[in-house]
Amino acid sequence: MEKENYQILWEQTFLPELEKTVSSIAFITYIKILTPVDVRGNKLILITQTKVFADAIRNNIIGDKMREAFKKCNTYIDDFEVFVAEDREDYLKQLGVEESEKMDTQGLPISPLCTFESFVVGSSNEFIYAAAKAVAENPGDAYNPLFIYGGTGLGKTHILMAIANYLKIHSPRTNVLYATCEQFTNQLIESISRGKGTGAEADFRKKYRNVDVLLIDDVQFLAKKQGIQTEFFHTFNELVMQNKQVVLTSDRSPKEIEVLEERLRTRFEGGLLADVQTPDLETRIAILKRKAEEKKCVVDLKVLAYIAEMNDGDIRTLIGKLTKVVFASKLHEKPITIDLVNNALKESAGEREEELEAEDIINCVCNFYKVTKNDICGKRKNKEFVLPRQVSMYLILDMMTLPQVTVGNFFGRDHATVIYARDKIDKQMKTDSKLAVEINDIKKMLLKQ
């Protein structure tokens, strides 16, 4: 079973920060033995072995230092509660909550970095931002369904995850499911293949229909799949009839999805259609400025405007150019100027980019971490394979301009998993100097090949 988002955050984000914040004795004695079991609002729920340990954390400076560390991590979690409990059921009873009331975060992982606050709003996307915010604040009442469509790399997935993250904080008992249409399709096929009498089809329907908010990415995947469309229609119908919120994204409008059943098309068009436009120059500059600040890099606005003018397409490619420039600045220890921009992008996008393949990056990472390609492209979730896999995804997105779906295909994963890996590595590098050095070294090896 996949780990919950909060468990990944605890192990890979909070623990490294806590180890730097408290004394080594306090970390080993009190913190390392804590187990995360849930998230309620902005609070991480932890369990510990005895009341003595719980009281020591609650009534000691350790608790203040933990909150301080949580806030430094800049996620949706900035507080905690500690309980003495043997398992999930015990701590829920202490909270006075039934298991059925707890928010269900099943589905694909949701990046904590994709929030409404981190979404740069401009004239090209202010409409979808306002619509998505209204849906998050009043699911089922505002616009149902909300159908967001537009080209790749324009922030559609970010908006879906922002809705999920908003609900986690402001309505933690809301049952939210985020998935891609490809995942919906694959799970339906798997449930059918198991045969009648196994309960697999009933479990599938229960998963997708017993939710308060359903977020489905890349719904254009339904094109030409009549059997899948029928199941999706019934799922969609049941949720909307119960006033449950449905939000869909697509790279094209409902009218442009090939061989789509008319009953589905009319229902998609029965809510609010929001077209994501290509960002204008001012928005592109604002996006670059935000990303430069996140990378703790000072870049003159004239330079940002110069980069923004090079690209009038997707945001992903735009950010990729900035990443290359920032890396070149650090590699050559030079300030970011227009000359450096030209040289950096010429180095990465010229003859080198033509030669660099995703395969090169994967092989380089495998050699660096002493693992095989089968290890990181396979299904195994051993710790020694997960990091190289996520580093590979991060570097492919960082050094090439490939769609996230394509990157996911290299590893047999959905594009949402690729987004999560990229954001996790990017965030971890800011607090883990060893990882930052390792990734820098791998980049240098690739650039010198």
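These notes cover one helix, one cis peptide bond and two residues with positive phi in a predicted model.

1. Helix α21 takes in residues 415-431, 17 residues in total. From first C-alpha to last it reaches 25 Å, which is close to the 24 Å expected at 1.5 Å a residue.

2. Burial along α21 involves residues from the start of the helix onward: His-415, Ala-416, Val-418, Ile-419, Tyr-420 and Ala-421 are among those buried. Further along, Asp-423, Lys-424, Ile-425, Lys-427 and Gln-428 are buried as well. The buried set therefore includes Asp and Lys residues beside Val and Ile. As a general point, residues three or four places apart in an α-helix point the same way, because there are 3.6 residues a turn.

3. The peptide bond between Asn-144 and Pro-145 is cis, with omega at about 0°. Pro-145 sits in the loop that runs between α6 (126-137) and β4 (146-149).

4. Asp-218 is not a glycine, yet its phi is positive, near 60°. This residue belongs to the loop between β6 (213-217) and α10 (226-241). Its relative accessibility is 17%, so Asp-218 counts as buried, the cut-off being under 20%.

5. Val-259 is another non-glycine residue with positive phi, here about 45°. Its place is the loop between β7 (245-250) and α11 (262-268). Is Val-259 buried or partly exposed? With 49% relative accessibility it counts as partly exposed, since exposed would require over 50%.

Conventions: Residues numbered from 1 in each chain as written. Predicted model: local features only at pLDDT ≥ 70, side-chain atom pairs only at ≥ 80, totals over all residues. Heavy atoms only, no water. Helix = DSSP H or I, 4+ residues; strand = E, 2+ residues; numbered from the N terminus. Expected span 1.5 Å × (residues − 1). Buried < 20%, exposed > 50% of the residue type's maximum accessible area, 1.4 Å probe, protein only.
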